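Welcome to a short set of exercises on reading a fold from its parts. Keep the sequence and the 3D view side by side, and try each task before reading its solution.

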Amino acid sequence: MKQGDAVRGRLEAHWARVADVDMRQLFADDPDRFAAFSLSAVGIFLDYSRHRVTRETMSLLVDLADRSGLRQMIDAMFRGDKINLTENRSVLHTALRNRCGRDVRVDGQPVASLVEGVLARMRTFTERVRSGEWKGFTGRAITDVVNIGIGGSDLGPVMVSQALKPWWQTGLRAHFVSNIDPSHLVETLAGLDAETTLFVVASKTFTTAETMMNARAARSWLVDQSGDDAAVMRHFVAVSTNTERVTSFGIHPDNMFGFWDWVGGRYSVWSAVGLPVALMIGMDGFEQFLDGACAMDEHFRLTPFEANMPVIMAMLGIWYNDFWGAETHAVLPYDQFLARFPAYLQQLDMESNGKTITRDGSQASCNTGPVIWGEPGTNGQHAFYQLIHQGSRLIPCDFMVAARSQRPLGQQHDVLVANCIAQGQALMRGKTEHEALQELLASGMPEQAARQLAPHKRFAGNRPSSTLLYRELNPFTLGALIALYEHKVFVQGVVWNINSFDQWGVELGKQLATALQPDLTGDNRVQNHDPSTNGLIDTIHAMRQEEDDD
C-alpha cells in the first residue's frame, strides 16, 4: 500500500461526513474562521475560509501531501535532481531567479554563473535599446518590439508585459506574434515602421515550425522595406541555443541569448525568453520580477505545509478534484492588466498535469489536472458567472484583486473591489427560496407572483472560492503570484504521482500536421488517410477551386 492510500481512505470517510455541511453554518460555529483559514506570504494575502473544509479537512489534506513525498520532491527540484524523468532533465526554473545565492548544480556543475552571465548580457542589450543607442538600418532608434514565439515563448512574455504596462518605457511599444494564421503577423506589421522595429525570435532550437515561419515572413518584410539583407542584423535578435541556425538566419551570435534544457517552455519567462519584458520595463524592473518569484520560492521551500500558501492552494484543488468530482477551476482576476493571466495558467496547469500516466508508467487511479479557465472581472460577471452561481456543476474559483489601482479613476476601483468580494460572498452564502420570497414580498410584489418567481431567484450557495489580495500589481508581486501558481501545480503533480514537466501530448498533432501539409498544397484527391480526413482535405480543395473559378 502506498503511504498516501491510508490518508485517502480517511479523507473519503471524512468527505462523507462533511458533504452536507453548509458554509454559513461553519462561519456561525467558528467566529475565528477567517483568521484560521487565511495567511499572508510575500505580500499576497490568501483567504480560503470560503471553502467546504474544516480544520480536520485541512489536517488530512496536509497529511496527504506529506505522505505523497512532497518534502522530498521539493528538495530534489531545488537541488537540481533530474525529476523530469521521461526527458532525464533537471527542473530548475527556480535557479533562474535564485537571488539568495543557493548552491544549485546540474551534473555537479554550478549554474549561478551561467544565469548571471545571461542576465548581464540582457542588461547591456536592453539598456542600449532603451537609451536609443541601438539604431535601426537608417540610424533611427527602436520604437517597437515584436516578440515572435509560441507556447511558453509567447504566453509568458505577453502576459507579463501586459500586466506591467504601467512600467513600460515611454515611446516604446510591445507586440506579440504567435499564431501561424498569417493574419496575426500581417495585422501586427501593418502598423509598424521597419526602420524602428526590433524583432525578438524565441525558439530554443530555432526550428519551431510556427515561430520560424513567422520569423521568415517578418524577415522578408524587413528586407523588402530596407532593400538590404544586412538590415536583419540591426533588427533581429534571437532567444535560442542553436548558433548555426541563428547565424544562417542573419542574426549575429552576439545578439543571441541562450537558456538551458533544464528550463521548460512554460517556465521560461524567467530566462532570456523574458527579454521583451526586460526591454519594456528595464532590467531593474525585470530583476524585481525575479525577486518576487524568489521570495515565493523560499516561502514554498521553507514553510511548514500547514502554513505554506502553494501547498494550501494545491491541496484545496486536490480536495475538490479527487473527492468532490469538480472538473474545472475558474481563475477570475479583478484586474484588467491580468487579462491574459488565465490563458497563461491554462498552459502552466493543463500542459503540466493533463496526463493519465503516473511516474512509474501505470494508469492514474483518479482524475488529474482540471480544466483551467476564466476572464477578468467584472466582464465575466456579465458572461459566465450565471453558471457558477446557479448551474449544476461545482466550480471552485480563485478571485484576485489589488488594494490599489495602477490607473485610479474616481471611485471605480472601489466598485471593482466591492464586486470581487461580493461574488465570493454570494457563492458562499447563496439565497434560500424563503429569503427570495421575503425580498419579493417586501418589494411590493403580489404574493402569487412572488411565489412563482422565488424558486428562480434561489441560489444554492455553499460554492467554494479563494480570494487573493495584494497591495498593487507591480513586478515583485507579479513574480510572486506566478511562482505561487507554479508551485501549486507542482504540488498537485506530486500528489497525483505524475511528471508535471514533460508534454508528450502536444507531439502527435504536430506530427500528423506535417504529414498532412503536402496533401493540402496539392490538388489531387486524397485517399491515404482516414475517411474523415480525406473528406475534409477534398472539401478544402473544392472550396479553393470555387474561389479560383469566381
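The exercises below go through sheets, helices, cores and one chosen residue of this predicted model.

**Exercise 1. Work out the strand order of the open six-stranded sheet and find which strands stand at its edges.**

Solution. Start with the order, which reads E1-E2-E13-E12-E10-E11, with mixed pairing. Next, look at the two ends: strand E1 (38–41) and strand E11 (371–373) each have a single partner strand, so one side of each is left without a neighbour in the sheet. Finally, follow the twist, which averages 15° from one strand to the next.

**Exercise 2. Describe how strand E13 pairs with E2 and with E12.**

Solution. Take the E2 side to begin with. Strand E2 (residues 44–47) and strand E13 (residues 465–470) run antiparallel and are joined by four bridges. Two bridge partners help you set the register: Leu-46 goes with Leu-468 in E13, and Asp-47 goes with Thr-467.

Now turn to the E12 side. Here the pairing is parallel, over six bridges. Val-401 stands opposite Leu-469 of E13. As a last step, check the burial of E13: five of its six residues are buried, and the strand is mostly covered.

**Exercise 3. Find the strands that helices H14 and H16 touch or lie across, and give the angles.**

Solution. Helix H14 (residues 341–353) packs on the six-stranded sheet, where it touches strand E10 (328–333), E11 and strand E12 (397–402). The direction of H14 makes about 165° with that of E11. Helix H16 (residues 412–429) lies across E12 and E13, and runs at about 160° to E12.

**Exercise 4. Place Leu-427 in the fold: is this residue buried or exposed, and what does it touch?**

Solution. First locate the residue: Leu-427 belongs to helix H16. Then look at its accessibility; with a relative accessible area of 3%, Leu-427 is buried, since the cut-off for buried is under 20%. Setting aside residues up to four places away in sequence, Leu-427 touches Ile-388, His-389, Cys-397, Phe-399, Gly-461, Asn-462, Arg-463 and Ser-465. For a sense of scale, the C-alpha atoms of Leu-427 and Cys-100 are separated by 41 Å, with their positions 327 residues apart along the chain.

**Exercise 5. Analyse the open five-stranded sheet and the helices H7 and H9 that pack on it.**

Solution. The order is E6-E5-E7-E8-E9, with parallel pairing. Strand E6 (173–177) and strand E9 (256–257) are the edge strands, each pairing on one side only. Within the sheet, strand E5 (residues 144–148) and strand E7 (residues 197–202) run parallel and are joined by five bridges. One of the bridge pairs is Asn-147 with Val-200 in E7.

Then add the helices. Helix H7 (residues 152–163) touches E5, E6 and E7, and its direction makes about 150° with that of E6. Helix H9 (residues 209–226) touches E5, E6, E7 and strand E8 (236–239), and its direction makes about 160° with that of E7.

**Exercise 6. Characterise the crossing of helices H13 and H19.**

Solution. Two packed helices are described by the angle between their axes and the distance between the axes. The axes of helix H13 (residues 309–323) and helix H19 (residues 475–496) come within 8 Å and cross at roughly 50°. H13 and H19 are therefore oblique to each other. Their crossing is right-handed. Residues that meet across it include Met-309, Met-313 and Ile-318 in H13, and Leu-484, Val-491 and Trp-496 in H19.

**Exercise 7. Which residues of helix H5 are buried, and what covers them?**

Solution. In helix H5 (residues 70–79), the buried residues are Leu-70, Met-73, Ile-74, Ala-76, Met-77 and Phe-78. Their cover includes helix H4 (55–67), helix H12 (275–302), H13 and H19. Just after H5, Gly-80 takes a positive phi of about 100°.

**Exercise 8. How many residues form the largest nonpolar core, and which have the most contacts inside it?**

Solution. The largest nonpolar core has 123 residues, and those with the most contacts inside it are Met-122, Trp-262, Phe-341, Leu-478 and Phe-490. A second, separate core has 24 residues, among them Leu-185, Val-232, Phe-236 and Ile-251.

How values were computed: Residues are numbered from 1 along each chain as its sequence is written. This is a predicted model: local features need pLDDT of at least 70, side-chain atom pairs count only at pLDDT 80 or more; totals for chains, interfaces and linings use all residues. Side-chain values use heavy atoms; hydrogens and water are left out. A nonpolar core is a set of buried Ala, Val, Leu, Ile, Met, Phe, Trp, Tyr and Cys residues joined through side-chain atoms within 4.5 Å. Buried means under 20% relative accessible area, exposed over 50%, partly exposed in between (1.4 Å probe, protein chains only). Two strands pair if DSSP finds at least two bridges between them. Axes are lines fitted to C-alpha atoms, for helices over the stretch in contact, and angles run from 0 to 180 degrees between N-to-C directions. Contact means heavy atoms within 4.5 Å. Angles under 35 degrees count as roughly parallel, over 145 as roughly antiparallel, 65 to 115 as roughly perpendicular and the rest as oblique. A crossing is left-handed if the near helix is turned anticlockwise from the far one by less than a right angle, and right-handed if clockwise.
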